[in-house]
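Dear colleague,

I am handing over the structure below, together with some notes on its charged side-chain pairs. Please read them with the sequence and the model open beside you.

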Amino acid sequence: MPATASHPVTVAADVTVSGRVVDGKGAALPGVTVLVKGTTNGASTNADGTFTISAPVGGTLVFSYVGYVRREIAVTEATTTLEVALAEDMKALSEVVVVGYLQQDRQNVTSAVSSLDVRETTKAPVPTLAQSIQGRTPGVQVEGSGAPGAVPNIVIRGVGSLALTSQPLYVIDGLWTDNIRDLSPNDIESATVLKDASSTAIYGSRGANGVILITTKRGAAGEPRISFNGYSGVESIYKKYDLTNHSEWADRSAVAYNNAGVPVLPGADKAGGTFTNAVDTDWQKEFFQTGRVQDYNLSFSGGTQAEKNASNFLISAGYFNQEGVVQGPKFERYSVRLNSGLRRGRLKLGQSALLTHVNTTLLNNVAFVDVLTMLPGIPVYDPTTVSGFGYGSAALFNYSVNPVGAQQILNRTQKNDRLQGSANAEFAFFDFLSYRLNLGLEMHLFADKDARKEGSIRLGDPVQGQTYLAENRGTQRTLLVENTLNFNKRFGNHNVNVVLGYSEQTYNADNTSGRSTGFQSVPQYYFVLNAATLASSATVGGLMDDWAKRSYFSQASYDYDNRYLLTASFRRDGSSRFDRNRQYGNFGAASVGWRVSEEQFFKDALPKVSNLKLRASYGVNGNDNLPGSYLYQATVNQNVNYVYGSGQVITNGAIQIGLESKDIRWEERYTTDVGLDLGLLDNRLTLAADYYVSNTKNALVNPPLPTYLGSYNAAPYTNLGEIQNKGFELALGYHDNRKDFTYGADLSLSTIKNEVLALSELQPNIPGALNLTRTTVGQPISRLFLIPMLGIFQSQSEIDNYKNSDGKVIQPTAKPGDVKYEDVDGDGVINTDLDRRFVGNPFPDLQFGLNLTAAYKGFDISVFLQGVTGNEVFNSTRASLDNLEGGSNFRRDIEPWTEQNHSTTTPRLVQGGSNGMNTLRQTTRWVEDGSYLRLRNIQLGYTLPKTLSNYVPGLGSVRVYVTGRNVFTLTKYTGFDPETPGVGTFGRGVDDGSYPNVRAFTGGVQVNF
């Protein structure tokens, strides 16, 4: 037929198909890919499971979702509305679970692994994921403060090191990092916590403290999608002290001074006529404020998908701002993310990049103590002082720092720019054999400034507030290169997956610091180092640091018929932080599992049991995160002058100031874990239980040595410590739905027992923060070591009869109403070093969390309760406030001992504390129960009806919500917050007046186009 002939051409008409995708129980499935078969035309379902797509008549719609059986539906002219139910694919329940370098079905995982429900954890109005996972994952303890931008410490299965950090490794899209602060929770798609050696040994020297794997969001096939999530709200201190006003303070202060037989302070002497009530400051009212928190995130994503080719992209931008509940502290973060991926036949390419800029203003001094101990008769502002702020005087004797003035006279800021990125390329030689190259880069630029204006803010400042500026600027760079070869093939009922790899990692850092004094306030402060007037005071400094690692590793998994499971891993790490003879360490682990529920005899006997798996693992990790990169070398100071000879000539020389840590080697953490996974009622009811024992061997310690041996700067380290952590973990969940009504509950329980098994003979006791704790063999790390308080002396006869075995009066200078202490060593004298006992436990006996969720049609609610029990806290704030000397404020409800009130817990008012005995800090008087139950998070949301999109073209879904965080706390602890972060490794359980966690109420909206 001639080409010019005209014939009608039949073209299939397109129809608009809309509908809803649900699971087998009628619950909506968000994120389902809906694709026109054979094309790149697709869409994805919204939060309520709805979708809209244009498809040709005669075509086929393909519905696919991880963990569910793929379904195809033909399109006809009558196909306009669909209700699609996807059946659960029991063989593909856990395709997204990543354990090390392997992707495994959850049903076949033999390690102690917990997957976080990111949708629930990110409901909390906090800047990082770390602050929202407390109590949600068994075995994970989170210790943090409420300071803006503060990143809490995360400890997985106990503190396993004495000298090194116990923080876990974060792996974000293949990038190894220690930084989680700059990652917005809105960018996170999934997070998995690896807890035992079987899952972490593949990370070698970085896996000893556990690993948290994070995957960020990516685009999905279908029409481009725009999503916005934003919230704003207020924060506040959830507890305030009821303190005395100026007149009430004066009455009690006068009693304290009279009881001591010394003149009453002029500012409190009503009888002498020098008292005046012209000033009556409520310091909490002046210092505390309503904080602000806001978070806005906008993303644009999309992708294409065909049989052999696919692509995806996501661009997001975020802004987070948090202003503290006290004057001064602030945190501000700007972030931009770009993720993309491409598949062309056997080649896959992918990349993730995050760029952030962070501004932080820090809290100065121990403001949460000063705000309580400052006297009400001292004004906040005082025009007669150089600083313009009030502080203690001879009339109102008080050494507290003006907390308002401290935030204005002092200014500490941090600016950080960070790039975190990874790129990968994967080529499949065959369907079962592929090579993958992974590159990771983290660049960090920081600029810290510490400036002080003129004037004093505390009685007795040695200098009248000399002005200064200190700056510290530098860069840090980490580069990771990983090469892996992956073999994954099934031979009948045998499935084998093996990964072989080689990697290199380098770290470089340098910084420059400077300090100058003498800055003029006229016409205004200009804090630049060159603007200082005292040029001779200028100092400069700088440091450089670098290290490198080289690793060979392998990981393998095997299963027979999805019933008998085996996983093993091995890694050989080489680290430049050790000398050449000890640079390499070998780390490995193995685990086994038995899916009893897959046995035919079990299916016949217990059909209601959906899943029963027994598992066990054993392995070893290393830790090379030393406090320095060159500890194996002695430290020499080359800038030392010495005068010698008859001419007294000044000659430049050098001196050794630090000994080398000779023959130090890797810390090693051996972990044994046994557990079971149970599913009942079609996995509506699930349980995971574990028991573990973790022993750290060759733990680094640095016992003190005499200075004359050349140990001027720091004592050398040696591998003489051993630590054990053991405990039970339980995760119980139940989730079900009744068509439009869905509900669920998740309970997590954890116990832990920490014990030091060995220390250096040169240092059998390691003192802790404020000389309050001791770390020694047979005790947990940082256990309180204090003088026992036995009560209050009620009479002189009781004092006279309190004797040791030799008949010696133990506290002869005491008076009725003074504190009675135990003479532990029996020498007849209360000695602050010798009369101590171990008390309490810094580690809770039980940690728990309960998350409750429910949804009905467009409404949804979640409630999260979290708490701990069985731990004790040293309340340092109360030790300052309740010393009853009269030099600080008083709690209004405190009832000191008097002749009429024979208190057995609170001593008498007396200046000087009865020769200092009543004011001793290192006593059990200040120890309190740290147990608490906290409503950590509650959120109520409503998704607007789908009909709204008829009025706004392209609108997918709109959800509005309100959230409350730390709504209430039930506790006997009298401080601001029982959830104290402590003071470092050896100051656990010590509340030194840190920034407490705060209450927050926010409202927000989620919109998808």
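Which side chain meets that of Asp-251 in a salt bridge? In this predicted model, the partner of Asp-251 is Lys-270, with 2.9 Å from N to O. The two residues belong to distant parts of the chain, since Asp-251 sits in helix α3 (residues 246–260), while Lys-270 sits in the loop between α3 and α4 (283–287), 19 residues apart. Asp-251 counts as partly exposed because its relative accessibility is 39%, and Lys-270 is also classed as partly exposed because its value is 37%.

A second pair is formed by Asp-690 and Arg-615, whose closest N and O atoms are 2.7 Å apart. Asp-690 lies in strand β33 (residues 685–701) and Arg-615 in strand β29 (residues 609–623), so this salt bridge ties together parts that are 75 residues apart in sequence. Both Asp-690 and Arg-615 are buried.

The third pair I looked at joins the side chains of Asp-882 and Arg-878 in a salt bridge, at 3.9 Å from N to O. With a relative accessibility of 2%, Asp-882 falls under the 20% cut-off and therefore counts as buried, and Arg-878, with a relative accessible area of 15%, is buried as well.

Some salt bridges share partners, and in this way Arg-157, Lys-195, Lys-613, Arg-615, Asp-673, Asp-677, Asp-690 and Glu-729 are joined into one network. The pairs described here are examples from a total of 48 salt bridges in the structure.

With best regards

Conventions: Residues are numbered from 1 along each chain as its sequence is written. This is a predicted model: local features need pLDDT of at least 70, side-chain atom pairs count only at pLDDT 80 or more; totals for chains, interfaces and linings use all residues. Side-chain values use heavy atoms; hydrogens and water are left out. A salt bridge is a side-chain nitrogen of Lys or Arg within 4 Å of a carboxyl oxygen of Asp or Glu. Helices (H or I, at least four residues) and strands (E, at least two) are DSSP runs, numbered from the N terminus. Buried means under 20% relative accessible area, exposed over 50%, partly exposed in between (1.4 Å probe, protein chains only).
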